[in-house]
Amino acid sequence: MAQRLPVFQNFIDELRAIWAAEPDMATRMERAKPVLERLVMDAELKERSKTWPSTEGRKNLLLYVDEEHEFAVNAVVRVPGRTGSVHDHANAWVLYGVVDGTESLERWERVDDGSKAGFAEVKLKSVTTGSQGKVDIVPPYDIHSEQGGPTRSAALILRSQRLGEGTVLQKQFDPKTGAIKEQYGPTQVPFELTM
Ligand SMILES: [Fe+2]
């Protein structure tokens with residue numbers, strides 16, 4: 001097997017050390033945030049990301065899954081002007097780090113009392129836009145949306161567990177109709193970051 005890109009191998013090694021030393025998932029993700037910030041600032045990684053395939057059609061590149069600690073690293077490549085759905089990640093923690101281009105993270109909140117089955121009223125709470133180096137943390141069940149910028153963009157995602165087909169059902173919210181849809185996360189496309 002080809003050798004992993006050294007900067008990416010270092011990232012995995014640092015995460016494995018954090019996961020081994022710290023049992024609390026919130027603390028793990030807080031400690032992983034500056035590690036991901038360093039990785040996404042890497043000039044070679046940014047250059048490489050320009051060759052990554054588009055993940056249009058609800059896909060994620062699956063770069064790594066840790067067999068011992070279960071965290072997973074994904075990449076997404078958005079086409080210019082990509083609009084994202086409003087969703088949660090069920091019980092998973094997620095860090096989003098922008099590598100190239102710009103992306104916005106919208107944070108939404110649920111304002112109804114949850115008494116009507118299959119229905120939720122959600123309101124936009126905040127929007128933050130960032131370029132290379134920006135990392136956002138999304139806790140379990142937080143409702144949010146990732147929006148593409150005016151150009152192609154690439155991002156790395158650290159998840160506390162692998163998501164996608166056959167894992168955990170996530171909720172998708174329609175802000176216009178209030179409909180809630182339950183579905184698996186993006187299709188996972190194996191992709192190696194090698195030398
Ligand atoms: Fe998300």
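L124 is in contact with E106 and W108, leaving aside its neighbours within four places in sequence. The model is predicted. L124 has its place in strand 6, which spans residues 122-130. E109 lies 15 residues away along the chain, yet the C-alpha atoms of L124 and E109 are separated by 6.5 Å. Is L124 buried, exposed or partly exposed? L124 counts as partly exposed, because it has 13 C-beta neighbours inside 10 Å. The cut-off for a buried residue is 20 or more.

**The sheet**

Six strands form an open sheet. Their order is 7-4-9-2-1-12, and the pairing is mixed. Strand 7 (135-138) and strand 12 (187-190) are the edge strands, and each pairs on one side only. From one strand to the next, the twist averages 30°. Strands of a sheet pair through backbone hydrogen bonds, either parallel or antiparallel. Three of the pairings are set out here.

| Strands | Sense | Bridges |
|---|---|---|
| strand 4 (residues 94-100) and strand 7 | antiparallel | four bridges |
| strand 1 (residues 59-65) and strand 2 | antiparallel | four bridges |
| strand 2 and strand 9 | antiparallel | seven bridges |

Single residues show how these strands line up. Y96 has D136 in strand 7 as its bridge partner. Y64 has V73 in strand 2 as its bridge partner. N74 stands opposite I157 in strand 9.

Strand 1 and strand 2 form a hairpin with six residues between the strands. In this hairpin, E70 takes a positive phi near 75°.

How many residues of strand 2 are buried? Seven of the seven residues in strand 2 (residues 72-78) are buried, and the strand is mostly covered. Both of its faces are covered. On one side the buried residues are A72, N74, V76 and R78. On the other side they are V73, A75 and V77.

**The two helices**

Helix 1 covers residues 6-21, and helix 2 covers residues 25-40. Their axes come within 10 Å and cross at roughly 170°. That angle makes helix 1 roughly antiparallel to helix 2, because angles over 145 degrees count as roughly antiparallel.

Which residues meet between the helices? From helix 1 come V7, F11, E14, L15, I18 and W19. From helix 2 come R28, R31, A32, V35 and L39. By class, this contact has eight nonpolar, no polar and three charged residues.

Helix 2 also meets the sheet. It lies across strand 4, strand 7 and strand 9 (153-159). Helix 2 runs at about 10° to strand 4.

**The core**

In soluble globular proteins, nonpolar side chains tend to be buried together. Here the largest nonpolar core has 37 residues. L36, A75, L95, Y96, A155, L156 and I157 touch the most other members. Which elements give two or more residues to this core? They are helix 1, helix 2, strand 1, strand 2, strand 4, strand 7 and strand 9. Helix 2 provides the largest share, six residues.

L36 touches L95, G97, V135, L156 and L158, not counting residues up to four places away in sequence. Two names from the list of best-connected core members return among these contacts: L95 and L156. Y96 is also on that core list, and its bridge partner is D136. I157 is on the list too, and N74 stands opposite I157. A75 is another listed member, and A75 is one of the buried residues of strand 2.

Definitions and conventions. Residues numbered from 1 in each chain as written. Predicted model: local features only at pLDDT ≥ 70, side-chain atom pairs only at ≥ 80, totals over all residues. Axes fitted to C-alpha atoms, helices over the stretch in contact; angles between N-to-C directions. Parallel < 35°, antiparallel > 145°, perpendicular 65-115°, else oblique. Contact = placed C-beta atoms within 7 Å. Nonpolar A, V, L, I, M, F, W, Y, C, P; charged D, E, K, R; others polar. Pairing = 2+ DSSP bridges. Buried ≥ 20, exposed ≤ 12 C-beta atoms within 10 Å, placed from the backbone. Core = buried A, V, L, I, M, F, W, Y, C linked by C-beta atoms within 7 Å.
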